[in-house]
Amino acid sequence: MERTNNKVRYEYYYNMKSGKLQAAEESVNKDFVDWFNGEISNDELPDSIDGYDERQKRILKQYIEMLKEGTIIEKEDLAEEGREDTYKIRYEMIDSVTERVSINGSYKLESRMAIGYSPKQLAQVKFYADYLTQEKKAYNIENNSATIVKGDVFRLKNGYQLCVGENNVEVIGEGTQKDSEYAKQLANGLDAFIRFSNAQGFSQNVWFWTKDVSWDFIEIIKSTGVDVAKEFIINEVKCVIDEEGKVEEAGNIWGIPEVLYQEQLQRYEMYWKIPLNRRTEDLNPDCFLEDKKI
């Protein structure tokens, strides 16, 4: 069964006294159950056991240990009717990195695999390089998009102006120290936002600078013409704004630009598909941090 990019669900019976797992449905890999129960050793693994099975085994064992310790709920309340000390446990792969285990659809334990990035990939997130987007495009009502590029000028409510250069945002204006600090904070936020919208930076950096002036910063974005009440596109990134005024990439919960996340996720998926018995020193997670090919 294909397990990447698709939600997968398996159900098992686990007997607390015997410590054995039993498949509750035909779709479960019998080899996995035997391996989980110790009937297949790590030295004699078949090709059918891969990295996804390794992840599933890890979270199932963690969940069962919590069940034994009573940290989930009084386990007597969850046993199968007429089957003392037996529990029906559901394992779900929500997406390629997210797994969930539960009993009767409740008492869920969710786990998310961390994705690492190589120095070469992170080098694409350049905080001081020239902005990538250079071509000015007017507001497009069809896809609610606009651009922020060199030459754009934004006027602030205190009389200051923010001028976008090739690789920075300059503050123009004179006033009190408080006014100058306010303008500089918005300038730093705008610089972070331009880099984020070019996949050159992280959304967290935008929030770092703008969290205390978030709604004033959103007025800057609105001045490009986009409707911020719904998804909008600045430069090449689709954005959303939450109830606090935090700008994020739509559908992206990883912080790192979507293009880099998807690139690295594909490599991890390739690794997880490798049967455990075929792993070598050259086929390990370090491949992803050294830009080696699988």
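**A three-stranded sheet and Asn235**

Student: In this predicted model, what is the order of the strands in the open sheet?
Tutor: Three strands form this open sheet. Their pairing is antiparallel. The order is 7-8-9.

Student: Which are the edge strands?
Tutor: An edge strand here pairs on one side only. That holds for the strand at 153-155 and for the one at 169-172. From one strand to the next, the twist averages 20°. The edges are strand 7 and strand 9.

Student: Which helix packs on the sheet?
Tutor: The helix touches strand 7, strand 8 and strand 9. Its direction makes about 160° with that of strand 9. The helix spans residues 177-197. It is helix 4.

Student: What is the bridge partner of Val153 in strand 8?
Tutor: Strand 7 pairs with strand 8, residues 161-164, in the antiparallel sense. Three bridges join strand 7 and strand 8. The partner of Val153 is Cys163.

Student: Is Asn235 buried or exposed?
Tutor: Asn235 sits in the loop between strand 10 (232-234) and strand 11 (237-241). Its relative accessible area is 6%. Buried means under 20%. So Asn235 is buried.

Student: Which backbone nitrogen lies 3.0 Å from a polar atom of the Asn235 side chain?
Tutor: Leave aside neighbours within four places in sequence. Asn235 is then in contact with Thr133, Ala146, Thr147, Ile148, Ile194, Ser197 and Asn198. The backbone nitrogen at 3.0 Å from the side chain of Asn235 belongs to Ile148.

Conventions:
Residues are numbered from 1 along each chain as its sequence is written. This is a predicted model: local features need pLDDT of at least 70, side-chain atom pairs count only at pLDDT 80 or more; totals for chains, interfaces and linings use all residues. Side-chain values use heavy atoms; hydrogens and water are left out. Helices (H or I, at least four residues) and strands (E, at least two) are DSSP runs, numbered from the N terminus. Buried means under 20% relative accessible area, exposed over 50%, partly exposed in between (1.4 Å probe, protein chains only). A polar contact is a pair of N or O atoms within 3.5 Å; within protein, one must be able to donate a hydrogen and the other to accept it, and residues adjacent in sequence count only if both atoms are side-chain atoms. Contact means heavy atoms within 4.5 Å. Two strands pair if DSSP finds at least two bridges between them. Axes are lines fitted to C-alpha atoms, for helices over the stretch in contact, and angles run from 0 to 180 degrees between N-to-C directions.
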